[in-house]
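Open the model in your viewer and keep the sequence panel in sight. Each stop below gives a selection and then what is there.

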Amino acid sequence: MTGSATPPVREVIDLSHPLHDDTPVYPGDPVARFSPAATVAADGYNVLHVRMGSQTGTHVDAPYHFLEDGARIDELPLEYFLGPAVVADVRGKPPHGRIEWADLAPWASLLGPGRILLLRTGWDEHGGPTPTSTTPT
């Protein structure tokens, strides 16, 4: 986004949640499992064996998730994921309920190029501690 009119980032908010064996997953997706593969005591170093699906926990759906020839997450510029955000509160939808334009209309005037839309669904309450805010140095 070099040369864009986007203001500099003043605060970074980490939206990720910790992963653990009890991290909720979409029905039918692989469950998360974490176990030691090596330890300092036995091997002189620590290595964790991690097993989980790509949609486990906090994640971004890359175009490849829905399109056979879509870009994978590592093919997208990091700049796509850093910028001013608009949080649309869409809590109250039933499980598997559709989020439609009418739900987002109250925030329409705040959206535009370079803005990141975050949907506050309330489902974070089912998956662990709340993310924390950090200020870059």
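The tour of this predicted model has three stops.

**Stop 1: the aromatic rings**

Select Y80 and F81 and show their side chains. The two form an aromatic pair, and its geometry is tilted. Their ring centres lie 6.5 Å apart, with 55° between the planes. A search of the whole structure finds one such pair. Is F81 buried or exposed? Neither: F81 counts as partly exposed because its relative accessibility is 35%, between the limits of 20% for buried and 50% for exposed.

**Stop 2: the second largest pocket**

Now select S54, Q55, V60, A62, Y64, H65, R72, I73 and D74. These residues line the second largest pocket. The space in this pocket comes to about 180 Å³. By type, its lining splits into four nonpolar, three polar and two charged residues.

Stay here and zoom in on two of the lining residues, Y64 and R72. What sits over the ring of Y64? It is the charged end of R72, 3.9 Å from the ring centre.

**Stop 3: L111 and its surroundings**

Next, select L111. Its place is in a loop, with helix 2 (101-104) on one side and strand 5 (116-120) on the other. L111 has a relative accessible area of 28%, so it ranks as partly exposed.

Add V86, W101 and L117 to the selection. L111 is in contact with these three, leaving aside neighbours within four places in sequence. Finally, draw a C-alpha to C-alpha distance from L111 to A85. It reads 8.7 Å, although the two are 26 residues apart in sequence.

Conventions:
Residues numbered from 1 in each chain as written. Predicted model: local features only at pLDDT ≥ 70, side-chain atom pairs only at ≥ 80, totals over all residues. Heavy atoms only, no water. Phe/Tyr/Trp six-rings, centres within 6.5 Å; stacked < 30°, edge-to-face > 60°. Buried < 20%, exposed > 50% of the residue type's maximum accessible area, 1.4 Å probe, protein only. Lys NZ or Arg CZ within 6 Å of the ring centre and 35° of its normal. 1 Å grid on protein atoms, 1.4 Å probe; cavity = no way out; pocket = protein on both sides within 12 Å on 5 of 7 lines; lining within 4 Å. Points joined across faces, edges and corners; volume = space filled by probe spheres on them. Nonpolar A, V, L, I, M, F, W, Y, C, P; charged D, E, K, R; others polar. Helix = DSSP H or I, 4+ residues; strand = E, 2+ residues; numbered from the N terminus. Contact = heavy atoms within 4.5 Å.
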